[in-house]
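Colleague: Please take a close look at the nonpolar interior of this protein. I would like the wider fold to be set out around it.

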Amino acid sequence: MRKLSLFLLTVIALTGSVNVLFAQQEKQERKAIPGMGGLLMPQEIKPCDNSTSIVLEDISGTPKMIRQVPENLTLTENVVFHETKSSDGDPMSMKMDIVRPADDENYPCVVFITGGGFMFAPKNSSLYNRCEIAKAGYVVASIEYHVATNGLYSDAVKDTKAAIRFMRANAQKYGVNAEKVAVWGESAGGYLTGMTGTSNGEVAFEAGENLDQSSDVQAAIVVYGLSDLTKIGADYDKEAEEAHFTKEAPEAMFVHGKNSGLTILDKPEVVAKSNPVNYVDKNDPPFLLIHGTVDALVSPSQSLLLHNALRKAGVESTRYAIVGANHGGGHFSDPKVIEIMVDFLDKTLK
């Protein structure tokens, strides 16, 4: 995402959309997205219908990062929450990092799921945002999960639910109000947030330790996440969209397996079970969805699909569209955006 050319970034800044008509200039060479199975950087992003969303303008894209937690917070790293195996049968100890206020009070829990294109799951990412949420009075547990090189989407959903059960089972140790748990994720983590939030009570995703605890969540925050893996590139030009329909695409490997030789369009009955939109029902918890209008990695309409499905089912869902925001970056750490997330959590968990 950060590989966009200076010219393309200028187009985004001036127009609020990507419609690359290289006047007086030859069309740029098509660029592949590094480490993403041959996916291509789009040269066009079609406008998304934001009529049922709240449009945010004048949100700063200035990066906000920290290297360590502030003094009023504590960080507990590498807590093992789930013993599992890879798709090759190798043992895996899934770990989490826990950030919380530095006191003895009990707080609601927010399980954070990092992004990584289904290829990586660095639990130490987004430290600034995690600390901002923790400062507002939450225990934030950032987790590892299976990715396309060592598991399937269902393994990753099981990881997330195992983390939720772990936090409930260890509520006293980590100062958690076990009755109040939310899930929050970015990009691939947003996808897993959607899967987790819409699959409360789905026994097929329950595996591992602490099965006497509930993995249900009371709220979900999806930040530039995916909701239908067959339509990730739906807003892009044809070449960029069709790059998602190969056997090397991360979503194909995440659903079918790294050596399956199948695309995301194969075995539709299997793929259907991997899409959050297909689990939506009236009993789902409230959702908050946030997406940039010029996201060049996950089509902005991905969050709209889930938003519309939730609203149709009668579930409380609020979607924000950030004008000029791409995939990740400083827009999503702006104080106004942090405040939106905190207000949502306060309303649903406090």
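What follows is one connected account, starting from the interior and moving outward.

Modeller: The model is a predicted one. Its largest nonpolar core holds 69 residues. Within that core, Met96, Met167 and Tyr191 have the most contacts. Helix α3, which covers residues 153-169, supplies the largest share of the core, namely eight residues. A second core of 33 residues lies apart from the largest one and includes Ile59, Ile221, Ile340 and Met341.

Two of the three residues with the most contacts can be followed further. Once neighbours within four places in sequence are set aside, Met167 is in contact with Met96, Ile98, Cys109, Val139, Ala141, Tyr174 and Val176. Met96 is thus named both as a contact of Met167 and among the residues with the most contacts inside the core. Tyr191, for its part, belongs to an aromatic cluster together with Phe118 and Phe254. Over the whole protein, the count of aromatic pairs is seven.

Serine 317 gives a polar case to set beside these. It is found in strand β11, which runs over residues 317-322. Serine 317 counts as buried because its relative accessibility is 12%, and the cut-off for that class is under 20%. Its side chain makes a polar contact of 2.8 Å with the side chain of histidine 307. His307 also appears in the contact list of serine 317, along with Phe287, Leu289, Leu310 and Arg311, when neighbours within four places in sequence are left out.

Now the wider fold. The protein has ten helices and eleven strands. Of its 350 residues, 56% are buried. Among contacts with a separation of 6 or more, 76% are between residues 24 or more positions apart. The C-alpha trace spans about 65 × 45 × 40 Å along the principal axes. What does the radius of gyration say when set against a compact globule? The protein has 19 Å, and this agrees with the globule value because a compact globule of 350 residues would have a radius of gyration near 20 Å. As for the outside, the accessible surface comes to about 14900 Å², and carbon and sulfur atoms account for 49% of that surface.

Definitions and conventions:
Residues numbered from 1 in each chain as written. Predicted model: local features only at pLDDT ≥ 70, side-chain atom pairs only at ≥ 80, totals over all residues. Heavy atoms only, no water. Core = buried A, V, L, I, M, F, W, Y, C linked by side-chain atoms within 4.5 Å. Buried < 20%, exposed > 50% of the residue type's maximum accessible area, 1.4 Å probe, protein only. Helix = DSSP H or I, 4+ residues; strand = E, 2+ residues; numbered from the N terminus. Contact = heavy atoms within 4.5 Å. Phe/Tyr/Trp six-rings, centres within 6.5 Å; stacked < 30°, edge-to-face > 60°. Rg over C-alpha atoms; globule rule 2.2 N^0.38 Å. Areas by Shrake-Rupley, 256 points an atom, 1.4 Å probe, with all protein chains shown as cover. Polar contact = N/O pair within 3.5 Å; in protein donor to acceptor, adjacent residues only side chain to side chain.
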